Structure formats: C-alpha cells, structure tokens
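Take the charged side chains and the cysteines as a way into this model. Keep the 3D view open while reading.

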Amino acid sequence: MSDSYKTDDWILKIFEDWYDPCPFNPDWNPYDYSDGLMTTWQDKTFVNPPYSNPKPWVEKAILENKVNNFTVALLLKHDSSTKWYSLLHSANAKIFMLQGRLKFNTGKSCSFPSILAVLI
C-alpha cells in the first residue's frame, strides 16, 4: 500500500475545520511529508500520517500536545505491537477503534483495521 491515499470522506467531514499538516496530495513524493513535521501545529490538528513511518508524526503530536496543549487526532493503522503505539498509550491518548475497514476513497476495503488516536 502506498502512503498517498486520501482519508475517507466521512472522517474528513468530522475534522473539516481542523489543521492538517499532512494533507493528501497525489503528486507528492509519498515518502517526503517532512514539511508538516517542521511546522508548528495548531490546536485542533488532524493527521493521517504515512502508514509506512508514523512514529515521527506520533512523536510530533505528543510534543505539540504537551508543549502547546493542542488537541491532536491521528488516523493510524491498528498495530498495538509498535513503539509508536506504546508512545501514544504512555501519553494517555484516547484510542478509538474504527468499525469496519477504511476504503481511502478507493471503493475497496484496506487489509487492516484503523484507529483514531486523540491527544487532549
């Protein structure tokens, strides 16, 4: 699976007024989203980070939450065996398991479950 997939419309609608440091752009290099990691985020930030390497985005979300008291929501693969998942757990993120499989606006269900992790 490429990292360049658009967030399902129903999720985007929930977070439509939130800042997105990692917006979908099919013309971008799927492995270079670094600009969003270098900026200061805003309160009410929604991130659908690259699934191939979400850890830097999780670390940035935790930092923005702790330093600036920003609320950050991340759309992530449900994989509790990872270091980034452990970091979210340690940061007291609220984890919401999504029912069913996301389709990333492709019409076809992806092969893994997803979560929303929210730092308040």
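How many disulfides does a search of the whole structure find? The model is a predicted one, and the search returns zero. A disulfide would be a covalent bond joining the sulfur atoms of two cysteines. Look at Cys 22: this residue is buried, at 4% relative accessible area. Cys 110 is buried as well, with a relative accessibility of 9%.

Now turn to the charged pairs. The structure has three salt bridges. Begin with Lys 6 and Asp 9. Their closest N and O atoms lie 3.0 Å apart. Asp 9 has a relative accessible area of 45%, so this residue counts as partly exposed. Lys 6 is partly exposed too, at 31%.

Move on to helix H3, which spans residues 55-68. Lys 55 pairs here with Glu 59 in a salt bridge, with 3.4 Å between the closest N and O atoms. The two residues sit four positions apart in the helix, about one turn. Both ends of this bridge are partly exposed: Lys 55 has a relative accessible area of 29%, and Glu 59 has 36%.

Helix H3 also holds Lys 60 and Glu 64. These residues form a salt bridge, and their closest N and O atoms are 2.8 Å apart. Why does about one helical turn separate them? Because Glu 64 and Lys 60 are four residues apart in helix H3. Are the partners buried or exposed? Both Glu 64 and Lys 60 are buried.

Notes:
Residues numbered from 1 in each chain as written. Predicted model: local features only at pLDDT ≥ 70, side-chain atom pairs only at ≥ 80, totals over all residues. Heavy atoms only, no water. Disulfide = S-S within 2.5 Å. Buried < 20%, exposed > 50% of the residue type's maximum accessible area, 1.4 Å probe, protein only. Salt bridge = Lys/Arg side-chain N within 4 Å of Asp/Glu carboxyl O.
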